[in-house]
Amino acid sequence: MPTPIYPAYPTIDSMTPYKTGKPIDELARELGMDPDNIVKLASNENPLGCSPQATDAMQLALADAARYPDGSGYALKCAILDHHQDEWGDLDLDHITLGNGSNDILDLIARSFVSSRDSVVYSQYAFAVYMLATKAVGAEAVVVPSVSSGAQRFGHDLKAMAKAIQPNTKVVFLANPNNPTGTCFTHDELTDFLDSVPKDVVVVLDEAYVEYFDPEHYVSSISLLTTYSNLVISRTFSKAYGLASVRVGYAICHHKISNYLNRLRQPFNVNVMAQAAATAALADQAFVSQSRDMNTTQLQKMTQALDELGFEVIPSHANFITFKAGEAEESGVELYHALLKKGVITRPLAGYGMGAWLRVSIGLPEENDRLIDALTTLS
Ligand SMILES: *Cc1c(COP(=O)(O)O)cnc(C)c1O
């Protein structure tokens, strides 16, 4: 058989598939271990699971499994509208786009606004999906070096990012907090940035971890939509809401932008169970608060424990923490493998050019203790 020639976009040759956290069952198979004995701190999932109301709603929705879901996602969009109404008085259903996870939203934005002649700006160490979405449309990635010192080290350098915008730049991706660094920028830094960006450049603000911010000090970014019609806020049910497996995310933006996204969106991108779960999850904010409170305490404990073990830690504002495993460039991957043998799954960051670093999600108190115990024996 002759070798087929597939003329893919040249940028696709330079892509590597997104590396997901190792599943518990896979490690159990490899090590012949009891899956119940394995701790997964690799994908920033909610260790408390999800709201029982979401589980109940999914069970009820199963009865409708034979029917196509509501392609407009009406009930879920109404719940989202209700949840954010006080942040932006003009919010209406037309400003909301549902995604199969917020990953879908990021991809829809690239496909809607960026061609192979265009460029996309994002930060060094930014969430890997920005690179994937950019290269998938054959566009040029303008990767801006991160902040190199001080409290926001490894974070987005918003001033440099504004300067990096080219005449052919169509989209800028920002993550606040960012994964895998856990860094964040302030509301004022964001508005300064938005003021300096041309109005025809779409700015995506990915707030996958926003629920972990202290609500007392959080200033709503959704309220900025009154002023900045080129802003897209992306949210997910995968993290604090604990619904990573059901795949729901959403974008809030000007209806002209959501109108484009909805042209490319697969009509049934969010399934019946997912719509029901997300709608119910929004109604249970007590669960979100409980998740945030536990994370705040455990994040503090883990930061201190890692510090006491002598690791350099990047101060985190999310539900994970990244620390330097050692001086050698492969230290992160080595420690990752050593921890796997102890039944603890973490996330190496070589794919991000941070080979010496390791990212760990904040788990239940006992799971975090397992990690610290394992690190203590290994060091
Ligand atoms: C986890 C994560 C997402 C969310 O992905 P989903 O597709 O919604 O599960 C988006 N952005 C960042 C920065 C993340 O870490």
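**Packing, pairing and burial**

Me: What describes the packing of helix α5 (residues 102-113) against helix α6 (residues 128-136)?

Reply: In this predicted model, the axes of the two helices come within 9 Å and cross at roughly 35 degrees. Those are the terms needed, because two packed helices are described by the angle between their axes and the distance between the axes.

Me: What makes the passage of α5 over α6 left-handed or right-handed?

Reply: The sense of the turn decides: a crossing is right-handed if the near helix is turned clockwise from the far one by less than a right angle. The crossing of α5 with α6 is right-handed.

Me: How do you know which residues of α5 and α6 meet?

Reply: Contact requires heavy atoms within 4.5 Å. On the α5 side the residues are Asn103, Leu106, Asp107 and Ala110, and on the α6 side Val129, Tyr130 and Ala133. By class, the residues of this contact comprise five nonpolar, one polar and one charged. Asp counts as charged and Asn, not being in the nonpolar or charged lists, as polar.

Me: What makes β2 and β4 edge strands?

Reply: An open sheet of seven strands runs in the order β2-β8-β7-β6-β5-β3-β4, with mixed pairing. The strands β2 (96-99) and β4 (140-144) are its edges, since each pairs on one side only. Neighbouring strands of this sheet are turned by 20 degrees against each other on average, direction ignored. Helix α4 (residues 74-84) packs on the sheet, where it touches β2, β7 and β8, and its direction makes about 125 degrees with that of β2.

Me: How do you know that strand β7 (residues 231-236) pairs with strand β8 (residues 249-253)?

Reply: Pairing needs at least two bridges between the strands. β7 and β8 are joined by five bridges and run antiparallel; therefore they satisfy the requirement. One of the bridges has Gly249 in β8 as the partner of Thr236.

Me: Why are β9 (312-314) and β12 (347-348) called edges of their sheet?

Reply: Their sheet is open, has four strands in the order β9-β10-β13-β12, and is antiparallel in its pairing. β9 and β12 each have a single partner strand, so one side of each is left without a neighbour in the sheet. Helix α12 (residues 331-341) packs on this sheet and touches β10, β12 and β13 (357-361), its direction making about 45 degrees with that of β13.

Me: How many bridges support the pairing of β12 with β13?

Reply: β12 and β13 are joined by two bridges in the antiparallel sense. The cut-off is at least two, so this count meets it. Between β10 and β13 there are five bridges, also antiparallel, while three join β9 to β10. Among the facing residues, Arg359 in β13 has Thr322 opposite and Arg347 opposite as well, and Glu312 has Lys324 in β10 as its bridge partner.

Me: Why is β13 described as largely enclosed?

Reply: Five of the five residues of β13 are buried, so the strand is largely enclosed by the rest of the structure. Both faces are covered: one carries Trp357, Arg359 and Ser361, the other Leu358 and Val360.

Me: Why is Thr322 called buried or exposed?

Reply: Its relative accessible area is 0%, and buried means under 20%; therefore Thr322 is buried. Thr322 lies in strand β10 (residues 320-324). Among the residues it touches are Glu312, Leu349, Met354 and Trp357.

Me: What makes the approach of Thr322 to Pro180 a polar contact?

Reply: The side chain of Thr322 reaches the backbone oxygen of Pro180 at 2.5 Å. A polar contact needs N or O atoms within 3.5 Å, one able to donate a hydrogen and the other to accept it, and the value of 2.5 Å falls within that limit.

Me: How do you know whether Asn368 is buried or exposed, and what does its side chain join?

Reply: Asn368 is buried, because its relative accessible area is 0% against a cut-off of under 20%. Asn368 has its place in helix α13 (residues 365-378), and a polar contact of 2.8 Å joins its side chain to that of Gln298. Residues touching Asn368 include Leu41, Lys301 and Met302.

Me: What does Glu367 touch, and where does its side chain meet a backbone nitrogen?

Reply: Glu367, also in helix α13, touches Val39, Leu41 and Pro47, not counting residues up to four places away in sequence. A polar atom of its side chain lies 2.8 Å from the backbone nitrogen of Leu364.

Conventions
Residues are numbered from 1 along each chain as its sequence is written. This is a predicted model: local features need pLDDT of at least 70, side-chain atom pairs count only at pLDDT 80 or more; totals for chains, interfaces and linings use all residues. Side-chain values use heavy atoms; hydrogens and water are left out. Buried means under 20% relative accessible area, exposed over 50%, partly exposed in between (1.4 Å probe, protein chains only). Axes are lines fitted to C-alpha atoms, for helices over the stretch in contact, and angles run from 0 to 180 degrees between N-to-C directions.
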